[in-house]
Amino acid sequence: MQLHAVDYLILGLYFAFVIGIGWLLKRRITTSSDFLTSSRSVPLWITSLAFVATNLGAQELVGMCASGAKYGIMTSHFYWVGAIPAMLFVGLFMMPFYYGSRARSVPEYLKLRFDEKTRAFNAFSFAAMTIFSSGISMYALGLLFQLVLGWSFTASVLLSALIVLVYTFLGGLTSAIYNEVLQFFLIVFGFAPLAWFAVQRAGGWQNMAARLPEVMTHSWKYTGDASANPMGIEVFGLVMGLGFVLSFGYWCTNYLVVQRAMAADSMTAARLTPIVGAFPKMLIPFIVIVPGLAAMALQNMNLGYSLPVKGNSYDYDQTIMTLMAQFYPNGMLGVGLTALMASFMSGMAGNVTAFNTVWTYDIYQSYIRRDAPDSHYLWVGRMTTIVGTILSIGAAYLATLYNNLMDLLQLVFSFVNAPLFATFLLGMFWKRATGHGAFTGLVAGTLAAALTHGLTLAEGKGAWIGNLHEFESVMAQNFWIAIFAWTTCFVVTILVSLFTEPRPVEELRGLVYGVTPIPHERHLPWYKRPGFVSLVAAVSCILLNVIFW
Amino acid sequence: MWDLRTPSGLLFTIYGVLLVISGLLWPEARAPLAEHNVNLYSGVAFLIFGVTLLWLARRAA
């Protein structure tokens, strides 16, 4: 792939604009809360697009296109089952407690609702997770650019990290969020033409589908039996594991996304953030999964295009780049690369800003220095941006040296995350749930996840204790690990809570259902109410599932 | 407070102009599988989006 001056000009303009936006926002930062939480001042259309964009990292784009080429339309489950219902739920039912409480972050909510140890458990694991995930995505980006463009790994890692550092250092969370919206536009306009021209070349939708195995063009039809579809999953594991436990755990409790909604300028805007975001979210499969399908069809057309090969199988992760090389001339090629860079930055900035807030408020202010003037915490927040970026770069290099270590860490994080939603569900909707109950439940759920992994086998992975069951795929195994972890956490939290002292109800005001004022939206016109907008989103999502069943 | 639509609209308008010019000056510069002038068509879409954002920001101000 050969870049020309126009491509470099396009990439350079993008860098100038993101830094410029950070620079323009610098004047707005006077307190630590401006820097770390945007002081609840961001308008709805911006928070809702940022909510979607922060999850749309480069790994997601590359991975979803790869999955589209490998599994087909079934990949859409990660959106229509694995995201939309949870996004509507967090907006409708959970945001009143996050936004309505005095909490500045998700771990802080746990502190207010339960106790210090539950917050510490969440804050430390979350902080470590954000560093490693931004490091891993930096590593993936560096490798991709090295492979396709021949750029030096070090140069692409350092340059992209430096730009994210500059604009988050200047404008804090607001700058990250504003840039995520610009990045979102670039991702859509950079990849939509690829989907469009690739499907046209494959003969339009009908002809393209005819060139693919039927199992690739249906999302539900072959999920009755795990051995009947290439993902190796069945409908119960899919709906409960992905659709309920994993997706609600991510969209409802992960501070990375919840932080965007908590920056909104009113309670209604905070609730509407994930709900309005659900509309672009449910359309993203058409620009990230469809190119993968088209690539598979084009390969069957004897046009001289074939997916790159690695070892004795396809290297699906290169699908999106090879397609760009086949369809984009210099000019659009620059835009495509800029879009990829933009998606990487939105993912990384999301991690960096979430890490900043959790480190400064939940770790530094709670355990290291409690009663300093606010200007001190603003300074700490700024320094944390630098330290967090350096640690992420370190994690990227660690990944180049010890690939297995990274896999292991991601596995451990998935164990910690799996039970989280049970804790929040009980915390928000059951006054009787206690701090001891929540903490024991989380630990037990994490252990249950590890135990399930140790006792089951999938594609040669797991079963380090013994082999009680073999799954059709690692994906199915992950779904079931999540189901066991969630159930264990749910049951243990209830049992321990019943035997421990509950907090007095007055202390739970604003934190738990029943003692929190329900936000009333009667002053709003009906089409602006969260309930109505959610209903439209839910119906649209069901329609998409029916069309592509 | 400035409007985010202004810088976004500006960037998309500049990209649109660059792409349309590339598409008009080098119409034969096509990637292997492309059957259309990808730069020109995409450039027009970028330009429309960029100008719309600028117009919306101006109207709101």
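A salt bridge here is a side-chain nitrogen of Lys or Arg within 4 Å of a carboxyl oxygen of Asp or Glu. The model is predicted, so that local features need pLDDT of at least 70 and side-chain atom pairs count only at pLDDT 80 or more, while totals for chains, interfaces and linings use all residues. Residues are numbered from 1 along each chain as its sequence is written, chains are lettered from A and ligands numbered from 1 in the order in which they are written, and side-chain values use heavy atoms, with hydrogens and water left out.

**Exercise 1.** Find the salt-bridge partner of A:Glu108, and state for each of the two residues whether it is buried, partly exposed or exposed.

*Solution.* Step one is the pair itself: A:Glu108 bridges to A:Arg104, with 3.0 Å between the closest N and O atoms. Step two applies the cut-offs for relative accessible area, where buried is under 20%, exposed is over 50% and partly exposed is in between (1.4 Å probe, protein chains only). A:Glu108, at 12%, is therefore buried, whereas A:Arg104, at 28%, is partly exposed.

**Exercise 2.** Describe the salt bridge of A:Arg119 with A:Glu116 and the network to which these residues belong.

*Solution.* The closest N and O atoms of A:Arg119 and A:Glu116 are 2.9 Å apart. Both residues lie in helix 8 (residues 116–149) of chain A, three residues apart, about one turn of the helix; helices are DSSP runs (H or I, at least four residues), numbered from the N terminus. A:Arg119 is buried at 4% relative accessibility, while A:Glu116 is partly exposed at 28%. Through shared partners, salt bridges join A:Lys111, A:Glu116, A:Arg119 and A:Asp362 into one network.

**Exercise 3.** Determine how helix 6 and helix 12 of chain A are oriented to each other, and which residues meet.

*Solution.* Helix 6 (residues 84–100) and helix 12 (residues 255–262) of chain A pack at about 75°, their axes 10 Å apart, where axes are lines fitted to C-alpha atoms over the stretch in contact and angles run from 0 to 180 degrees between N-to-C directions. The two helices are therefore roughly perpendicular, a class that covers 65 to 115 degrees, beside roughly parallel under 35, roughly antiparallel over 145 and oblique for the rest. A:Met95, A:Tyr98 and A:Tyr99 of helix 6 meet A:Val258, A:Ala261 and A:Met262 of helix 12, a contact being heavy atoms within 4.5 Å.

**Exercise 4.** State how many salt bridges cross the interface of chain A and chain B.

*Solution.* The contact takes 35 residues from chain A and 31 residues from chain B, and the rule finds zero salt bridges across this interface.
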